[in-house]
Amino acid sequence: MKSGLKVSDFSVEYGAVRAIHDLSFHIVPGELVAVIGSNGSGKSTLIRALSGLISPKQGSATWNGISILGKKPEDLVRQGIVHVSEGKSVIPELTVSENLALGGLWRRDKLDVSIATQESLAIFPVLASRLNQRSDTLSGGERQMLAIARALISRPQLLLLDEPSLGLAPLIIEQIFVAISHLQNQFGLTVLLVEQNALSALKIADRGLILNLGELVKAGTPAELIADPELRAAYLGF
Amino acid sequence: MFIDTLLIGISSGAIYSLMALALVLVWRSTRVVNFAQSGQAVLSTYIGYEISVQTHNYWISLPLAILAGAILGSLVDLLFMRLLIGRAKSGPIAEIAPVIATLGLLGLIQSLIGLIWGNAFLHYASPLSGKGFTFGSHTIPFSPQNLFIVIASAAVLAIFGIVFKFTDLGLALRAASFQPEIAQLAGIRVSRVRNIGWSFAGAAGAVAGAAITPTSTLSPNSLDLLFVSGFIAAVIGGLDSLVGAVIGGLVLGIGFSFILQYIGGSVTFLVGFIILMVVLLIRPRGIFGHKVSRRA
């Protein structure tokens, strides 16, 4: 049953601090949804909870009808849910090709791993020329590309991207977002994109969710969100 | 005389390297200095000794001792460390509890050995001679057993090197120790991979114990000093680096050998600790340690 990602009455707490409260939303297969919010809005917490790194206090989350809660990240990867974490999500001590290989280590179909690797390198050709370099010699943008490329080698169905634009120059952000949009169109990936950079994210998203202090403020198409002057002033920052 | 001293140094250095390697393997993956390592190694050696007594064959006992070491390493992680790290997750105790616990485990293992085999000095016999090679009229203090120690250690180091550098398992081990969370998100079963790391460490300790013990005697504490040297070697090497552990071990072994030969036995350990202090003061991350501190 391809019902996509359904999140209902979702709450996450850190001790006494409520990070996400009663959040419900639905992403249909093949959709690219941007979750927009400032620091502390709970958007990274949401993605960490969906990828199994932390446990929610209550609520449910299903991917194509199967619950994804209470599972470890490594099991969710096998279920097609891959989280590209914020910032330094490559292993600096390993080479570019080793970092890429990590994405396919668990997979039995080694032929498809090599096909997926070639496809990823075609999307991010800059990586192909740096395969034997240690990944701490890469620029921030290249590292982000490497992290996404590694995720693709796991053949994800649902890609959870945590602030891919963090700390990058505008031109590089543009490139990365074009690539993300391409992934959605070419591979039919469902993408949950968590971003502080509202403008760039809404440019490529099908829909946007605005979070504030762990609660959903508004959901809608980018056009709807951008058309609302109050939202623009308070949350979108442009 | 110089060559003799060097050879002896390499032989003991090789053993220190193995012990250091065992410590580094566990430290890298769990951020715990495993003081129980010498206990695990000596228990594996006792198991080898027992098998050699039953079979009268050192060469059968050796691989079984190594296997026992690997299983023991895995069990220490599964039954002991995971439980403990899971329970003491936060607060000041979280950092120190596992280390203290390994000390407790060391005592436990050594007492258990005492109960089973007693505390007397036993002889774990090897068919290789402990008498030095003779060239003409000159007998050097380097025996066939010493040669075997060097070969066995080199073989273990080579196998580890190949596994770590060229296999999927090695890549998973490195990824899990460098950045466990990223490894997990890439689909690696980090706790399973860590457990394999503990087995490797246990096996390395068992090789050290079973190879060196025929040159002296076996008792519940017989590998303690070896552990201390291994620890110093690991710290010199940066505690984080497998290559560093090997080089640290060799430097220390050769250093001790020369001091023993030219200065005297009473100061060897003193010098070991002085080296440790100097390294910690001048270069706290060790000679091969990484600059950046990593997430535990």
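# Notebook: strands of chain A, helices of chain B

I began in the middle of a sheet and found Leu160(A) standing opposite Leu192(A) in β8(A). The model is a predicted one.

**Entry 1. Around β7(A).** I looked up the strand that carries Leu160(A). β7(A) and β8(A) run parallel and share five bridges. I then asked which residues of β7(A) are buried on each side. Leu158(A), Leu160(A) and Asp162(A) are buried on one side, and Leu159(A) and Leu161(A) are buried on the other. Side chains in a regular strand alternate between the two faces of the sheet. Five of the five residues of β7(A) are buried, so β7(A) is largely enclosed by the rest of the structure.

**Entry 2. The other neighbour, β6(A).** I moved to β6(A), which is joined to β7 (residues 158-162) of chain A by four bridges, again in a parallel run. Opposite Ile81(A) I found Leu158(A) in β7(A). I checked which way the residues of β6(A) point: Ile81(A) and His83(A) go one way, Val82(A) and Val84(A) go the other way, and all are buried.

**Entry 3. The whole sheet.** I noted the strand order of this open sheet of six strands as β6-β7-β8-β3-β9-β10 in chain A, and the pairing is mixed. Which strands are at the edges? They are β6 (81-84) and β10 (215-220) of chain A, and each of them pairs on one side only. From one strand to the next, the twist averages 15°. I also looked at β3 (residues 32-36) of chain A, which runs parallel to β8 (residues 190-195) of chain A and is joined to β8(A) by five bridges. Val33(A) has Leu192(A) in β8(A) as its bridge partner. I had already met Leu192(A) opposite Leu160(A).

**Entry 4. A second sheet in chain A.** I recorded another open sheet, with four strands in the order β2-β1-β4-β5 of chain A and antiparallel pairing. Its edge strands are β2 (17-27) and β5 (66-67) of chain A, each pairing on one side only. Within this sheet I looked up β1 (residues 5-14) and β4 (residues 58-63) of chain A, which pair in the antiparallel sense over five bridges. Leu5(A) has Trp63(A) in β4(A) as its bridge partner. I found helix α1 (residues 43-50) of chain A lying across β1, β2 and β4 of chain A, at about 70° to β2(A).

**Entry 5. Where chain B touches chain A.** I turned to the contact between the chains, where 16 residues of chain B are in contact with 20 residues of chain A. On the chain B side, α6 (168-178) and α7 (180-185) each supply at least two residues. Which helix of chain B gives the most to that side? I found that α6(B) does, with six residues. By class, the chain B side that touches chain A has nine nonpolar, three polar and four charged residues.

I then looked at burial in α6(B). Its buried residues are Leu171(B), Ala172(B), Leu173(B), Arg174(B), Ala175(B), Ala176(B) and Ser177(B). What covers them includes α3 (96-102) of chain A, together with α1, α5 (144-166), α7 and α8 (190-212) of chain B.

**Entry 6. α1(B) against α9(B).** I looked up helix α1 (residues 2-30) and helix α9 (residues 224-236) of chain B, whose axes come within 7 Å and cross at roughly 70°. That angle makes α1(B) roughly perpendicular to α9(B). The crossing of the two helices, α1(B) and α9(B), is right-handed. From α1(B), the contact includes Ile15(B), Tyr16(B) and Met19(B), and from α9(B) it includes Leu226(B), Phe227(B) and Phe231(B). I noted the classes for the contact of α1(B) with α9(B) as eleven nonpolar, three polar and no charged residues.

**Entry 7. α10(B) against α11(B).** My last helix pair was α10 (residues 242-262) and α11 (residues 268-282) of chain B, packed at an angle of about 140° with axes 9 Å apart. That makes α10(B) oblique to α11(B). The crossing of α10(B) and α11(B) is right-handed. In α10(B), Leu252(B), Gly255(B), Phe256(B), Ile259(B) and Leu260(B) meet Thr268(B), Val271(B) and Gly272(B) in α11(B). The contact of α10(B) with α11(B) has five nonpolar, three polar and no charged residues.

Definitions and conventions. Residues numbered from 1 in each chain as written. Chains lettered and ligands numbered in written order. Predicted model: local features only at pLDDT ≥ 70, side-chain atom pairs only at ≥ 80, totals over all residues. Axes fitted to C-alpha atoms, helices over the stretch in contact; angles between N-to-C directions. Parallel < 35°, antiparallel > 145°, perpendicular 65-115°, else oblique. Left-handed = near helix turned anticlockwise from the far one by under 90°. Contact = placed C-beta atoms within 7 Å. Nonpolar A, V, L, I, M, F, W, Y, C, P; charged D, E, K, R; others polar. Pairing = 2+ DSSP bridges. Buried ≥ 20, exposed ≤ 12 C-beta atoms within 10 Å, placed from the backbone.
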